[in-house]
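User: Please take a close look at one helix-helix contact in this model. I would like the geometry, the residues involved and the cut-offs behind each term.

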Amino acid sequence: MQLYHHPFSVDSQKVRLALEENGVDYTSYHINPITGKNMEASFFRMNPSGKLPVFQNGSHILYNTIEILQYIERIAAVSSVGDDINLSNREVLEWMHKIQEWNPKYFTLSRVPEKHRLYVSKFIRRVIIARMAEFPDLASAYHLRLRNEYDTEEKLKDPEVIRRGELHLVRLLDEIETQLNNTSYLAGEEFTMADVMLIPVLARLVLLKLENEYIITRPSIAEYWKMVQQRPSYKRVIGRYFDGWRRQKTLTKTWCYIHMRSLLKKY
């Protein structure tokens with residue numbers, strides 16, 4: 001089994017947490033979308049949307065995050081010998097879908113300094129154009145992706161798009177706070193795939209330095225966040241990349257790559 005992902009991708013984190021929690025072995029392939037590696041022809045042929053993560057088991061390829069998590073659960077259930085592994089129930093699935101409905105894309109990009117965001121956006125567009133010329137059989141798919149990049153920049157200029165994303169997040173967190181007032185975990189007293197879905201959302205808020213605004217102001221979520229950070233899966237999937245110098249190393253390496261490629265005009 002192979003997972004194509006990036007450590008800073010929210011949906012990639014959800015899948016990796018599920019793999020770690022269920023003890024499923026896999027081969028990891030890092031694909032950095034900021035440097036345009038998801039536009040490489042070999043990856044793009046497998047997944048023309050260019051989105052992460054992608055989970056592959058033989059000829060079976062999955063792109064939808066919730067479908068991947070359910071598939072991982074089934075693998076774990078089949079592989080377990082004598083262990084009692086239950087698939088996600090209705091309540092867990094409802095929480096999974098609620099959390100997945102919030103898209104962190106515009107929320108995140110709107111908090112990146114405009115100068116840096118536009119620099120990266122311009123680089124990615126040039127990567128797409130270069131791949132389009134290099135692989136004419138994929139030109140139509142690359143063109144759709146290029147159009148998506150332009151659409152993203154247009155939407156980021158619309159304050160209403162940003163406002164809707166923020167309001168959606170606030171409503172979601174308020175509902176989660178109410179739930180955690182009564183339970184240790186999101187769907188009860190046991191850790192489930194609902195928690196796997198939630199943890200990366202909270203980690204994204206911390207990465208954006210918005211913990212005080214969105215987490216600390218909600219006591220039950222704040223307590224929950226402290227608790228889940230102690231899990232081995234969190235430390236392997238998120239903590240090791242977000243804590244201290246490792247986060248700065250990843251960001252610096254990415255920025256240097258983009259800057260050098262832009263200077264050399266090698267896309």
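Analyst: The account below deals with the packing of helix 4 against helix 8. This is a predicted model, in which local features need pLDDT of at least 70 and side-chain atom pairs count only at pLDDT 80 or more, while totals for chains, interfaces and linings use all residues. Residues are numbered from 1 along each chain as its sequence is written, and side-chain values use heavy atoms, with hydrogens and water left out.

Helix 4 covers residues 90-100 and helix 8 covers residues 159-180; helices are DSSP runs of H or I with at least four residues, numbered from the N terminus. The two pack at an angle of about 150 degrees, and their axes are 11 Å apart. Axes here are lines fitted to C-alpha atoms over the stretch in contact, and angles run from 0 to 180 degrees between N-to-C directions. Helix 4 and helix 8 are therefore roughly antiparallel, a term for angles over 145 degrees. Helix 4 passes helix 8 in a left-handed crossing, meaning that the near helix is turned anticlockwise from the far one by less than a right angle.

On the side of helix 4, the contact (heavy atoms within 4.5 Å) is made by Glu91, Trp95, Lys98 and Ile99. Helix 8 contributes Leu172, Glu175, Ile176 and Gln179. By class, the contact residues divide into 4 nonpolar, 1 polar and 3 charged. Ala, Val, Leu, Ile, Met, Phe, Trp, Tyr, Cys and Pro count as nonpolar, Asp, Glu, Lys and Arg as charged, and the others, Gly among them, as polar.

Elsewhere, Glu134 lies in helix 6 (residues 114-134). Glu134 and Arg171 are 37 residues apart in sequence and 45 Å apart in space, C-alpha to C-alpha.

How values were computed: Angles under 35 degrees count as roughly parallel, over 145 as roughly antiparallel, 65 to 115 as roughly perpendicular and the rest as oblique.
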